[in-house]
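Welcome, and please load the model in your viewer. We will take it one selection at a time, beginning with the whole chain and then stopping at single residues.

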Amino acid sequence: CDHVPMSLTATTSSDEEDDSDSSTKPIRSEKKKNPASLFQTGGDPPKEKKSKKKVPPKGAESEEETPETLQKNSNKKGKAKKSKKKEERPPSPVIEVDNLEEFVLQPAPQGVTVKCRVTRDKKGMDRGLYPTYYLHLDNDKKVFLLAGRKRKKSKTSNYLISIDPTDLSRGGENFIGKLRSNLMGTRFTVFDNGANPDRANADWSNVRQELSAVVYETNVLGFKGPRKMTVIIPGMNADCERVPIRPRNDNDGLLMRWQNRNMDNVIELHNKAPVWNDETQSYVLNFHGRVTHASVKNFQIVHSSDPDYIVMQFGRVADDAFTMDYNYPLCAVQAFAIALSSFDGKLACE
């Protein structure tokens, strides 16, 4: 795998003051551990009783900061941009997208980071209330992958995801998935474009799959300090394919399984805790040149058993532009939907 172990250093500052780096050295040499094994859960539908590979995240997120240090986080916009000149954003490896619908639902190839760019378009009469988000490969061809937009008449936040940048309708054939939040706007579920369980066929094969779920926790300062995210995804089977999770009712989805610690075929991921940087007076993560603007929306998602394997990272590079990179086992729809959840109004404090 060509993942780069991410030592925790400034989003936007140089690496010299990173005293945490020594702790990442031993991990680097033990590359033998194949990150793919972290996500394998067996998965023999329908009797899904395979061994639990998951490690409950023991203090993976134990960033008990005191309120005094936390306050300084609030988005130091453009803070410490100085010594990033040397790290140009590396382009994405060559990725062929022959069949878009297939590609966006397929896990990233093992050992390849799929590098993308998200742009936010606030034009139109809604003045930014319902912007459209576009996902492109971050390479020379800037291949379009997905578009997403919040539905207007929904009681909860509900984003449609489409493989056509001009057709964001629920009924269209380009509808590929959706992201739905709870009433509080703190929990989100990502579905593919299958049917509602009410319209199931006899063998249930047409019913929508849950692709991931995201849980946001606030901290003592509400949304001002570093956010905590838990991402729940289906596990992968021995053929490195996603185990289908097709809930028959609301009590059987990823969120309920996670809440009840019924983790068969379910993987729990977290955002990597940022570290406080005295020089920039902000919380920082090392995005290796892929992120240039400080923002509470910047995050990296990892498995607690291998925090150096970045499953996904997302961060701001301009007012309405963000980079979004994802690795196996995520697919583009999962990663894009997780990114969309971070824009949601109730979470946004920017």
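## The whole chain

Among contacts in the protein between residues at least 6 apart in sequence, 61% link residues that are at least 24 apart. Keep in mind as you look that this is a predicted model.

Switch to a cartoon view and you can follow five helices and 14 strands. Now try a surface. The protein exposes about 16000 Å², and 51% of that is supplied by carbon and sulfur atoms. Of its 350 residues, 52% count as buried.

Next, colour by pLDDT. The mean for the protein is 75, and 70% of the residues reach 70 or more. Select residues 1-32: the pLDDT there is below 50, and the stretch has 73 contacts in the model beyond near neighbours in sequence. Then select residues 45-87, where the pLDDT is also below 50. Beyond near neighbours in sequence, this second stretch has 90 contacts in the model.

## Into the core

Which residues have the most contacts inside the largest nonpolar core? Select V104, L146, M312, M324 and Y326 to see them; the core they belong to has 57 residues. Helix α5, residues 332-343, gives this core its largest share, with nine residues.

Stay with M312 for a moment and show its surroundings. Leaving aside residues up to four places away in sequence, M312 touches F299, Q300, I301, M324, D325, Y326, L330, A335, I338 and A339. Two of the core residues you have just selected, M324 and Y326, are included among these partners.

There is also a second, separate core, made up of nine residues. To find this second core, select A213, I245, M263 and V266, which are among its members.

## Along helix α5

Now display helix α5 by itself. Is α5 largely enclosed or largely open to the outside? Of its 12 residues, 12 are buried, so the rest of the structure largely encloses this helix. Step along the helix and you will pass A332, V333, Q334, A335, F336, A337, I338, A339, L340, S341, S342 and F343, the buried residues of α5.

You can check the length of α5 with a distance tool. At 1.5 Å a residue, its 12 residues should span 16 Å, and the end C-alpha atoms are 17 Å apart, which agrees. While the helix is on screen, try looking along its axis. An α-helix has 3.6 residues a turn, so residues three or four places apart point the same way.

Just outside the helix, select P329, which sits in the loop between β14 (321-326) and α5. A cis peptide bond joins Y328 and P329, with omega at about 10 degrees.

## A pair in the loop between β11 and β12

Move on to T292 and H293. T292 lies in the loop between β11 and β12, and H293 has its place in that loop too, with β11 covering 282-284 and β12 covering 299-303. What joins the side chains of H293 and T292? The link is a polar contact of 3.0 Å.

Show the surface again around these two residues. H293 has 17% relative accessibility, which is why it counts as buried, since the cut-off is under 20%. T292 has a relative accessible area of 25% and is partly exposed.

T292 has further partners to look at. A polar atom of its side chain lies 3.4 Å from the backbone oxygen of V317. Select A318 as well: 26 residues separate T292 and A318 along the chain, and their C-alpha atoms are 7.8 Å apart.

## Two positive phi angles

Select W204, in the loop between β6 (187-192) and β7 (210-217). Its phi is near 70 degrees, a positive value in a residue other than glycine. With 17% relative accessibility, W204 counts as buried.

Then go to C240, in the loop between β8 (228-234) and α4 (254-259). C240 is not a glycine either, yet its phi is positive, at about 60 degrees. Its relative accessibility is 28%, and C240 counts as partly exposed.

## Last stop: helix α4

Finish on R257, which has its place in helix α4. Is R257 buried or exposed? R257 is buried, with a relative accessible area of 10%. Draw a line from its C-alpha atom to that of I232: the two residues are 25 apart along the chain, and these atoms are separated by 9.6 Å.

Technical notes. Residues are numbered from 1 along each chain as its sequence is written. This is a predicted model: local features need pLDDT of at least 70, side-chain atom pairs count only at pLDDT 80 or more; totals for chains, interfaces and linings use all residues. Side-chain values use heavy atoms; hydrogens and water are left out. Helices (H or I, at least four residues) and strands (E, at least two) are DSSP runs, numbered from the N terminus. Buried means under 20% relative accessible area, exposed over 50%, partly exposed in between (1.4 Å probe, protein chains only). Contact means heavy atoms within 4.5 Å. Accessible areas come from the Shrake-Rupley method with a 1.4 Å probe; for residues, only the protein chains shown count as cover. pLDDT is the predictor's confidence in each residue, from 0 to 100. A polar contact is a pair of N or O atoms within 3.5 Å; within protein, one must be able to donate a hydrogen and the other to accept it, and residues adjacent in sequence count only if both atoms are side-chain atoms. A nonpolar core is a set of buried Ala, Val, Leu, Ile, Met, Phe, Trp, Tyr and Cys residues joined through side-chain atoms within 4.5 Å. The expected span of a helix is 1.5 Å times one less than its number of residues.
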